[in-house]
Every structure is written in structure tokens, then in C-alpha cells.
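Work through these exercises with the structure open beside you. Try each task before you read its solution.

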Amino acid sequence: MSVMTKDQFSDLVVRYERLVYTICFQLVRDAAAAEDLTQETFLSAYLHRESIPKGYERQWLGRIAANKAKDHLQSAWNRRTVLPGDEGIPPGLSPPTEELVLERAGTDAIRAAIGELKEPYRPVCKLCLLEEKSPEEAALALGRPVKTIHTQLARGKRLLRERLERSETHGHLST
Amino acid sequence: MDIFQHDGHLTDEALTALAAGESLDETARLEIAEHLAFCDLCLQRYTDALAGTELLTPEQSCRESLWRRIRARAARLFLNRYATAAAAVALALTMLWGSAGITLPERLPLPEDRPTVSDRLRKWNESLDNAMSGVNDFFDGLGQRTPPVQGGN
């Protein structure tokens with residue numbers, strides 16, 4: 001595969017800048033952040049320009065833009081939801097409160113709570129918490145990246161904690 | 001609104017809402033971005049949906065600043081390599097002279113026409129300077145390039 005020349009890359013930027021900006025903006029809903037992410041997208045594309053699939057530039061740039069937007073939203077979400085002291089917790093592990101609630105709850109309660117979770121959390125929690133698969137095994141089974149499984153598992157555990165705590169308060173699981 | 005189908009892919013409703021610029025909450029957008037980051041099928045559906053809409057135009061185009069960043073990155077990379085190579089040469093020379101001092105009691109006189117280590121270093125320096133100025137000329141040329149007419153999908 002021949003490496004794209006600078007002129008060809010410039011043409012690519014001109015042709016797809018609006019598409020990349022639109023994807024970034026629709027996902028992050030912030031014009032300034034979307035402009036930064038658009039630039040980040042093209043910088044990444046330039047650094048990996050030897051792997052641009054000919055004829056699929058639109059999808060390839062769309063994938064990078066979605067990844068950049070995901071990282072931006074993920075760090076904003078973490079900043080808002082991670083409590084001081086939780087920053088050092090390895091990915092995939094939940095804060096102690098989540099783990100405590102899950103340890104305290106019985107298997108049946110956890111199974112019922114997992115059954116009520118929606119996509120994309122239900123299959124991840126089912127595999128990792130009920131079937132005791134590793135995130136790597138779950139990633140393989142679900143066709144998702146391992147990193148995504150880690151974040152979905154962490155978020156899934158948080159949802160489970162909320163449901164289990166609610167059921168402890170009200171005596172039943174609610175949707 | 002359901003974001004995901006039972007098979008794990010994004011619903012038409014969610015993709016349509018996203019492509020139409022309708023407001024989705026932040027968690028929904030994060031879940032969608034996470035899915036689009038690895039699912040070829042849904043990414044294709046999304047970009048197809050965007051093809052039928054008016055794309056947004058950024059207030060400031062990234063083209064100028066992008067080339068500035070690429071140029072700065074290339075220069076930094078080049079200087080890092082230069083510094084690494086220089087450190088490697090300095091280390092090699094130190095070791096060479098050190099070991100020569102131990103094993104060779106007397107240095108053999110070099111013939112007049114034989115290139116010395118300092119000659120070679122000087123030539124190597126000159127070739128690196130030439131290469132660096134070539135890189136700068138190249139990026140200067142890029143900066144002066146006239147941007148083509150905006151369009152595309």
C-alpha cells in the first residue's frame with residue numbers, strides 16, 4: 001500500500017473536514033471541543049496515513065472521529081462520577097462501594113438485577129459477574145474491544161449497585 | 001428512546017436522532033460513541049445517514065493549525081533522533097577511547113590522507129543540517145499551498 005502524499009492528504013482534509021466536524025459535534029455537542037477533536041482526528045490520520053484504506057477514507061475517518069469523541073466524553077464522565085481517591089482504581093474494577101454492594105447481595109438478586117439491565121451492559125455483566133469470564137473472554141465473545149468491556153463493566157456495576165440499593169430500600173427491584 | 005437493539009447494534013431511531021442533531025443525553029452519546037468506535041456496520045449506517053443531511057461547518061477550519069502541529073511534531077521527532085544519535089556516538093567514542101587506552105600502549109600514527117573521527121563527525125553533522133533544512137523547505141512549501149475549494153460529503 002503506497003503512503004499518501006502531503007497533497008493527497010491535504011485534499012483529504014478539505015474533502016472530509018465537515019464530515020469529521022459534524023460527527024464530533026453531534027457526539028460531544030460542544031463547538032469548541034468538536035473543532036479540537038476534528039484537528040486531533042486529522043492529526044491521528046496523518047500519523048497513520050500509511051494505513052488509510054483506499055476507497056474507505058470516509059469510514060476510516062469516521063471511526064477515528066468517533067474514537068476521539070468517545071475519549072472526550074469518557075474523560076468528562078469520569079471527571080464527574082469518579083470520587084476523590086478512586087482515580088487509582090485499575091480499569092474494570094469498581095469503587096469499593098460497588099464491590100461491597102455486589103458482595104452483600106445474593107446471587108439471585110444480582111441475577112435478577114442483571115436481567116433488567118439494558119444493552120450494552122446486560123451481556124457484559126452476565127458474562128463477567130455470573131459466568132465469571134474475564135473481560136478478555138467477554139470481549140472475544142461479544143466482539144467488543146477489551147477496553148470497552150472494562151468501561152461497560154464498570155458502568156454496569158454502578159447501575160447494578162443503584163438497582164440493588166433501591167431494592168434493599170423498597171424490597172423489590174424496579175426498572 | 002432505546003439506543004440499542006437486542007442484538008447489540010444501535011437502533012434506527014437512535015442513529016436518526018443523532019444524524020438529525022436531536023438532543024440526546026450525555027450518557028446516550030457516550031454509549032453511541034463507544035459503539036461507533038468499533039462497530040463497522042453501525043458506523044456505515046451512521047455515515048450513510050449523514051450523507052443525506054447538511055453537514056456542519058466549523059467556525060475555524062483546522063487546516064492551518066493542523067499543518068503547524070504536524071510540522072512541529074516532525075521537527076521534534078527529528079531533533080529527538082538527532083539527540084539520540086549524538087548521544088550514541090558520544091558513548092561509542094568514549095568506550096572506544098577508553099578501551100584503546102587500556103589495550104594499546106602506543107597509538108599508531110595515522111596516515112595524512114586517512115579521514116579522522118572528527119572529519120567524519122563534521123561530515124555527518126553537515127549531512128544532518130542539509131536534511132533538516134530539506135524538511136523545513138518541504139513544510140514551508142506546504143504552508144504556502146493554496147487550499148482547494150471546500151466540498152465533499
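**Exercise 1. A helix and its surroundings**

How many of the 11 residues of helix α2 (residues 26-36) of chain B are buried?

Solution. Keep in mind that this is a predicted model.

Step 1. Recall the cut-off: a residue is buried if 20 or more other C-beta atoms lie within 10 Å of its own.

Step 2. List the residues of α2(B) that pass. They are Arg29(B), Leu30(B), Glu31(B), Ile32(B), Ala33(B), Glu34(B), His35(B) and Leu36(B).

Step 3. Conclude. The count is 8 of 11, so α2(B) is largely enclosed by the rest of the structure.

Step 4. Set this beside the whole chain. In chain B, buried residues make up 16% of the 153 residues.

**Exercise 2. The make-up of chain B**

Describe the elements of chain B and the reach of its contacts.

Solution. Step 1. Count the elements: chain B has 5 helices and 0 strands.

Step 2. Read them from the N terminus. The order is α-α-α-α-α.

Step 3. Turn to contacts between residues at least 6 apart in sequence. In chain B, 56% of these join residues at least 24 apart.

**Exercise 3. Where the chains touch**

Which helix of chain B gives the largest share of the side that touches chain A?

Solution. Step 1. Count both sides. Chain A brings 39 residues to the contact, and chain B brings 40 residues.

Step 2. Find the helices on the chain B side. At least two residues each come from α2, α3 (40-51) and α4 (63-103) of chain B.

Step 3. Pick the largest share. It belongs to α2(B), with 9 residues.

Step 4. Sort the chain B side by residue type. It holds 19 nonpolar, 13 polar and 8 charged residues.

**Exercise 4. The nonpolar core**

Which residues touch the most other members of the largest nonpolar core?

Solution. Step 1. Start from a general idea. In soluble globular proteins, nonpolar side chains tend to be buried together.

Step 2. Name the residues. The core has 42 residues, and those touching the most other members are Cys24(A), Leu27(A), Ala65(A), Ala66(A), Ala69(A) and Ala33(B).

Step 3. Find the helices that build this core. Chain A supplies at least two residues from each of α1 (6-28), α2 (31-47) and α3 (57-81), and chain B does so from each of α1 (12-19), α2, α3 and α4. The most come from α1(A), with 12 residues.

Step 4. Zoom in on Ala69(A). Beyond four places in sequence, Ala69(A) touches Ile23(A), Cys24(A), Leu27(A), Val28(A), Leu37(A) and Ala33(B).

Step 5. Look for another core. A second, separate one has 14 residues, among them Tyr121(A), Cys128(A), Ala139(A) and Ala154(A).

**Exercise 5. One residue up close**

Is Val28(A) buried or exposed?

Solution. Step 1. Locate Val28(A): it is in helix α1 of chain A.

Step 2. Count neighbours. Val28(A) has 23 C-beta neighbours inside 10 Å, so it counts as buried.

Step 3. List its contacts beyond four places in sequence. They are Ala33(A), Ala34(A), Leu37(A), Ala69(A), His72(A) and Leu73(A).

Step 4. Compare sequence with space. Val28(A) and Lys70(A) are 42 residues apart along the chain, yet their C-alpha atoms are separated by 8.5 Å.

**Exercise 6. Two helix pairs**

Work out how α6(A) packs with α5(A) and with α7(A).

Solution. Step 1. Take helix α5 (residues 107-116) of chain A and α6(A). Their axes are 8 Å apart, at an angle of about 160 degrees. Angles over 145 count as roughly antiparallel, so α5(A) and α6(A) are roughly antiparallel. The crossing is left-handed.

Step 2. Find who meets whom. Ile110(A), Arg111(A) and Ile114(A) in α5(A) meet Arg122(A), Cys125(A), Lys126(A), Leu129(A) and Leu130(A) in α6(A). This contact has 5 nonpolar, no polar and 3 charged residues.

Step 3. Take α6 (residues 121-130) and α7 (residues 135-142) of chain A. Their axes come within 9 Å and cross at roughly 135 degrees. The two helices are therefore oblique to each other. Their crossing is right-handed.

Step 4. Find the partners again. Pro123(A), Val124(A), Leu127(A) and Cys128(A) in α6(A) meet Pro135(A), Ala138(A), Ala141(A) and Leu142(A) in α7(A). Here the residues divide into 8 nonpolar, no polar and no charged.

Key. Residues are numbered from 1 along each chain as its sequence is written. Chains are lettered from A and ligands numbered from 1 in the order in which they are written. This is a predicted model: local features need pLDDT of at least 70, side-chain atom pairs count only at pLDDT 80 or more; totals for chains, interfaces and linings use all residues. A residue is buried if 20 or more other C-beta atoms lie within 10 Å of its own, exposed if 12 or fewer, and partly exposed in between; C-beta atoms are placed from the backbone. Helices (H or I, at least four residues) and strands (E, at least two) are DSSP runs, numbered from the N terminus. Two residues are in contact if their C-beta atoms, placed from the backbone, lie within 7 Å. Ala, Val, Leu, Ile, Met, Phe, Trp, Tyr, Cys and Pro count as nonpolar, Asp, Glu, Lys and Arg as charged, and the others, Gly among them, as polar. A nonpolar core is a set of buried Ala, Val, Leu, Ile, Met, Phe, Trp, Tyr and Cys residues joined through C-beta atoms within 7 Å. Axes are lines fitted to C-alpha atoms, for helices over the stretch in contact, and angles run from 0 to 180 degrees between N-to-C directions. Angles under 35 degrees count as roughly parallel, over 145 as roughly antiparallel, 65 to 115 as roughly perpendicular and the rest as oblique. A crossing is left-handed if the near helix is turned anticlockwise from the far one by less than a right angle, and right-handed if clockwise.
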